[in-house]
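Trainee: Could you show me how to read a structure like this one, step by step?
Mentor: Gladly. Let's look together.

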Amino acid sequence: MSAGDGRTPPRTIRLSAPSIEDDDLTAVTDVLKTGFLIQGPHVARFEKTLAEMTGTAHAVALTNCTAALQLALLALDVRAGDLVLVTAYSWVSTANAIELCGATPVFVDIDERTYNMDPGALEATLARLAKTEDTRRRLRAVLPVHAFGQMADMTRILEIAGRYGLPVIEDAACALGASWRGKAAGSMGLMSCFSFHPRKAVTTGEGGAITTDDLALANRLRALRNHGLDPTSAFPDFIMPGFNCRMTEFQAAFGVTQLGKLDRVLGARRRLSKHYDALLGRTDVTAPYVAEGAVPTYQSYVSLLPEKVAPRRQELIRTLRERGIETNIGTWHMPMTTYFRTRYGFRPGDFPVSDRVFARAFTLPLYEGLTEADLETVVAEVGRALAEG
Ligand SMILES: Cc1ncc(COP(=O)(O)O)c(C=O)c1O
């Protein structure tokens, strides 16, 4: 029986699907058979591979990227009263991590085309905060996000942060394999946080990691992820309060086989994205913009709906789902989520670019297993649904 014969429902084109193959399954079952399941040689191998791929000296594997963000901030001793500058448009973990250290996120608006932290807005915000002695001394770090796998303008962000003596932590959750002016995501900030959630190009189920060139920070991160246990001591010694954020051995073994597929998976995502770009060129939907010097991963393919269609985006998503195509919004306007809005009193207009992008962003299905014909179906159905409105 085939789709279209009247009995088999046509296949759903999912928003995202991981590339999991026999070698991944074997890697996991081989570890399970040993009975050694927690943070051992497979985790060490995963970390070594990731450090090599990002061109960094150290990688610290963790349970997820949310933990990575929080541990990175704690490793810098970010605490109550501190201010951390962060992009306004991201998954909520990015700002939650700051808040959960007791610090205050200072949101910075984004660039309309790349969806990334706008360096001009960062510069203006820092200049304003530095004018007052009280806020100037509370400045602790800058946390840009590489939105949907396109790196932020790290050249300008590092230069501006450097002028104020502030470290930069990359939220590279979606950006493994991306680069900015030839430099790999994860290699430019003091620390960089990655996710291996199944919506990323390669996955460990849940999973995360931090890369850094700084050995002292790597050791603090290793202690923070393991109950505060000193990773350099020959005997058990607890040198700080820590969490349990250890990655399991079977996830790490899976991670190693997955990392081996990264180039192939990213190649497919980039090829398919080009096809989408061409197809959308014939519609009113705006294809994602790639800045000069950026090589993105296309963790998500996030287009912009025409402004007049934005108010009925949810209806569009529902209609397409009924027709077997999963689409979604982009990510979150964090200052306008209930928690941050009510805690800090933000209003529409405080971050005007994020307001617009948040309203119009529209994510299309993208993963290695899709074909060009699938993309043609998606764009045709989007066009049909838009015409019906
Ligand atoms: C930009 C960004 N930061 C952080 C995270 C959190 O990652 P995790 O799900 O591994 O905790 C995500 C997850 O999608 C993300 O997109």
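Mentor: We will go through the ligand site, a pair of strands and a few single residues; keep in mind that the model is predicted.

Trainee: Let me start with the ligand. How many residues surround the ligand, and which are the closest?

Mentor: A good habit is to list the neighbours before looking at single atoms. Here the ligand has 15 residues around it. Cys65, Thr66, Asp171, Ser195 and Lys200 are the closest.

Trainee: Which helix gives the most to the shell around the ligand?

Mentor: That is α3, with three residues. Both α3 (65-75) and α4 (93-100) supply at least two residues each.

Trainee: Now the atoms. What lies 2.7 Å from a nitrogen atom of the ligand?

Mentor: To read a polar contact, find the two atoms and ask whether the protein one belongs to the backbone or to a side chain. For that nitrogen atom, the partner is a polar side-chain atom of Asp171. Ser195 also uses a polar side-chain atom, 2.7 Å from an oxygen atom of the ligand. With Cys65 it is a polar backbone atom, and the distance to an oxygen atom of the ligand is 2.9 Å.

Trainee: How much of the ligand's accessible area does the protein cover?

Mentor: On its own the ligand has 390 Å² of accessible area, and the protein covers 87% of that. The ligand also takes up the space of the largest pocket.

Trainee: Let's move to strands. Do β2 and β4 run parallel or antiparallel?

Mentor: When reading a strand pair, check the direction, then the bridges, then which residues face each other. Strands β2 (residues 83-87) and β4 are parallel, and four bridges join them. As an example of facing residues, Leu83 is opposite Leu139 in β4.

Trainee: And is strand β4 mostly covered or mostly open?

Mentor: Mostly covered: of the five residues in β4 (residues 139-143), four are buried.

Trainee: I have also heard about phi angles. Which value does Asp77 have?

Mentor: A useful step is to look at the sign of phi, then at where the residue sits. Asp77 is not a glycine, yet its phi is positive, near 65°. Asp77 belongs to the loop between α3 and β2. Asp77 counts as partly exposed because its relative accessible area is 36%, between the limits of 20% and 50%.

Trainee: Where is Tyr298 found, and is Tyr298 buried or exposed?

Mentor: Tyr298 is in the loop between β10 (294-295) and β11 (301-304). Its phi is positive too, about 55°, although Tyr298 is not a glycine. With a relative accessible area of 10%, Tyr298 is buried.

Trainee: Why is Gln258 called buried?

Mentor: Gln258 is called buried because its relative accessible area is 2%, and the cut-off is under 20%. Gln258 is part of helix α9 (residues 249-259). The side chain of Gln258 makes a polar contact of 3.3 Å with the side chain of Asp24.

Trainee: Last one: how far apart in space are Thr327 and Asn226?

Mentor: Compare the separation along the sequence with the distance between C-alpha atoms. Thr327 and Asn226 are 101 residues apart in sequence, and their C-alpha atoms are 38 Å apart. For Ala268 and Gly177, the separation is 91 residues along the chain and 13 Å between C-alpha atoms. Thr327 is in the loop between α11 (313-322) and α12 (338-344), whereas Ala268 is in helix α10 (residues 262-280). Thr327 is buried at 3% relative accessible area, and Ala268 is buried at 9%.

Conventions:
Residues are numbered from 1 along each chain as its sequence is written. This is a predicted model: local features need pLDDT of at least 70, side-chain atom pairs count only at pLDDT 80 or more; totals for chains, interfaces and linings use all residues. Side-chain values use heavy atoms; hydrogens and water are left out. Buried means under 20% relative accessible area, exposed over 50%, partly exposed in between (1.4 Å probe, protein chains only). Two strands pair if DSSP finds at least two bridges between them. A residue is near a molecule or strand if one of its heavy atoms lies within 4 Å of it. A polar contact is a pair of N or O atoms within 3.5 Å; within protein, one must be able to donate a hydrogen and the other to accept it, and residues adjacent in sequence count only if both atoms are side-chain atoms. Accessible areas come from the Shrake-Rupley method with a 1.4 Å probe; for residues, only the protein chains shown count as cover. On a 1 Å grid over the protein atoms alone, a cavity is a set of points where a 1.4 Å probe fits but cannot get out, and a pocket is an open set with protein on both sides within 12 Å along at least five of seven lines; lining residues have an atom within 4 Å of a point. A molecule sits in a cavity or pocket if more than half of its atoms lie within 2 Å of its grid points.
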